[in-house]
Amino acid sequence: MINDVTVTRAISERFFEKFQSALELDTAIVGAGPSGLVAACYLARAGRRVAVFESKLSTGGGIWGGGMLMNEIVVQDDALEILDDFGIVHRAYRDGYHTADAVHTAAALAYRATEAGVIVLNACRVEDVLFRDGRITGVVVLWSPVASAGLHVDPLSIGARTVLDATGHAAEVAHVTVRKLDAKLATETGGIVGERSMWAESGERAVIEHTGEIFPGLYAAGMAVAAIHGGYRMGPIFGGMLISGRKVSEIIKRDLDGAGPGAAGSESGRKAVPVTGSGRS
Ligand code: 48F
């Protein structure tokens with residue numbers, strides 16, 4: 001016999017367990033596209049407490065539609081080991097070019113990240129940051145439908161030792177940081193330079209090169225890097241997004257361990273709480 005109220009109780013109890021465990025994080029990742037999910041997965045596999053905030057209902061960002069809704073993606077040689085690490089099936093096309101099914105790729109990234117212990121809060125929009133003593137120390141969130149309905153409802157705060165802007169072309173976290181805090185970013189101009197037109201070769205290289213910290217406590221990966229630093233866009237070739245996600249996870253790990261430039265300072269003395277590698281039951 002199914003008790004309808006028990007179904008409600010199960011959902012609400014389990015959801016709030018998850019939500020509570022996302023209140024103080026090692027890393028808050030904004031955006032569940034390829035760069036955000038790859039970064040999240042590697043950080044969680046390394047025992048960091050990570051949550052991904054995604055404003056849409058589905059994870060995967062720009063992967064699902066491949067190029068112009070032809071749902072295949074292209075990946076170059078350098079990123080194959082990440083595909084293999086996530087168990088993503090790929091096929092050689094020509095020298096240096098490989099393809100993967102876009103739906104399979106999006107599903108596998110989400111599966112591996114959540115399996116590693118990443119908490120994903122979907123339909124949850126990051127609309128602001130927390131700022132203390134010159135550092136970004138968290139994000140401010142509101143359910144997306146509430147935000148888009150224009151309801152006059154206050155958001156809630158999530159503490160994080162590091163925050164990753166993986167919001168793609170929009171670079172939303174960087175924008176809000178500049179707009180509200182008058183922050184100087186670690187870019188050529190000190191501001192958000194803005195994305196350039198299509199040139200995949202240059203764009204991919206620049207994204208990987210500039211992936212990293214852009215303001216104390218705030219990092220950028222994926223297409224947001226091109227928007228912030230003024231790189232060229234690259235369309236449906238995804239190797240750079242995957243490599244950028246892995247690279248930023250390594251930089252953040254180093255900083256959380258106190259070895260990096262900002263040393264990912266923890267004003268409240270929070271300790272990293274290991275996430276079990278075996279996923280949640
Ligand atoms: O755009 P997206 O897939 O970012 P990415 O990881 O990858 C870029 C590629 O998909 C593609 C490309 C590859 O050559 O050019 O564009 O850099 O995913 C970004 C995610 O962030 C979410 C958005 O819905 C998308 O799923 N997002 C954007 N702003 C917010 C957000 C926000 N304020 N709060 C939460 N999520």
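The second largest pocket has a volume of about 270 Å³ in this predicted model, and it makes a convenient place to begin. By element, two helices give two or more residues to its lining, namely H7 (200-210) and H9 (239-256). Of these, H7 provides the largest share of the lining of the second largest pocket, with five residues. Among the residues that line this pocket are Ala-200, Glu-201, Glu-204, Arg-205 and Ile-208, together with Gly-240 and Ile-243. The lining also includes Gln-76, Asp-78, Gly-96, Tyr-97 and Ile-237. Sorted by class, the lining of the second largest pocket holds five nonpolar, three polar and four charged residues.

Attention now turns to the largest pocket, which encloses about 630 Å³ of space. This is the space taken by the ligand. A total of 33 residues line the largest pocket, and those that lie nearest its centre are Gly-61, Gly-62, Thr-167, Gly-168 and His-169. The lining of the largest pocket divides into 14 nonpolar, 14 polar and five charged residues. At least two residues of this lining come from each of H2, E2 and E7.

What, then, surrounds the ligand itself? The shell around the ligand comprises 27 residues, of which Ser-35, Glu-54, Glu-172, Met-223 and Gly-235 come nearest. By class, the shell around the ligand contains twelve nonpolar, eleven polar and four charged residues. Helix H2 (34-45) supplies at least two residues of this shell, as do strand E2 (50-54) and strand E7 (124-132). With three residues, E7 gives the most to the shell around the ligand. These elements, H2, E2 and E7, thus appear both in the shell around the ligand and in the lining of the largest pocket.

At the level of individual atoms, several polar contacts can be followed from the ligand to the protein. The side chain of Ser-35 places an N or O atom 2.8 Å from an oxygen atom of the ligand. Backbone atoms take part as well: a backbone N or O atom of Ser-55 is 3.0 Å from a nitrogen atom of the ligand, and a polar backbone atom of Gly-235 lies 2.4 Å from an oxygen atom of the ligand. As for the surface of the ligand, 730 Å² is exposed when the ligand is taken alone, and the protein buries 92% of that. Ser-35 and Gly-235, which make two of these contacts, are also among the residues that come nearest to the ligand.

Methods: Residues numbered from 1 in each chain as written. Predicted model: local features only at pLDDT ≥ 70, side-chain atom pairs only at ≥ 80, totals over all residues. Heavy atoms only, no water. Near = heavy atom within 4 Å. Polar contact = N/O pair within 3.5 Å; in protein donor to acceptor, adjacent residues only side chain to side chain. Areas by Shrake-Rupley, 256 points an atom, 1.4 Å probe, with all protein chains shown as cover. 1 Å grid on protein atoms, 1.4 Å probe; cavity = no way out; pocket = protein on both sides within 12 Å on 5 of 7 lines; lining within 4 Å. Sits in = over half its atoms within 2 Å of the grid points. Helix = DSSP H or I, 4+ residues; strand = E, 2+ residues; numbered from the N terminus. Nonpolar A, V, L, I, M, F, W, Y, C, P; charged D, E, K, R; others polar. Points joined across faces, edges and corners; volume = space filled by probe spheres on them.
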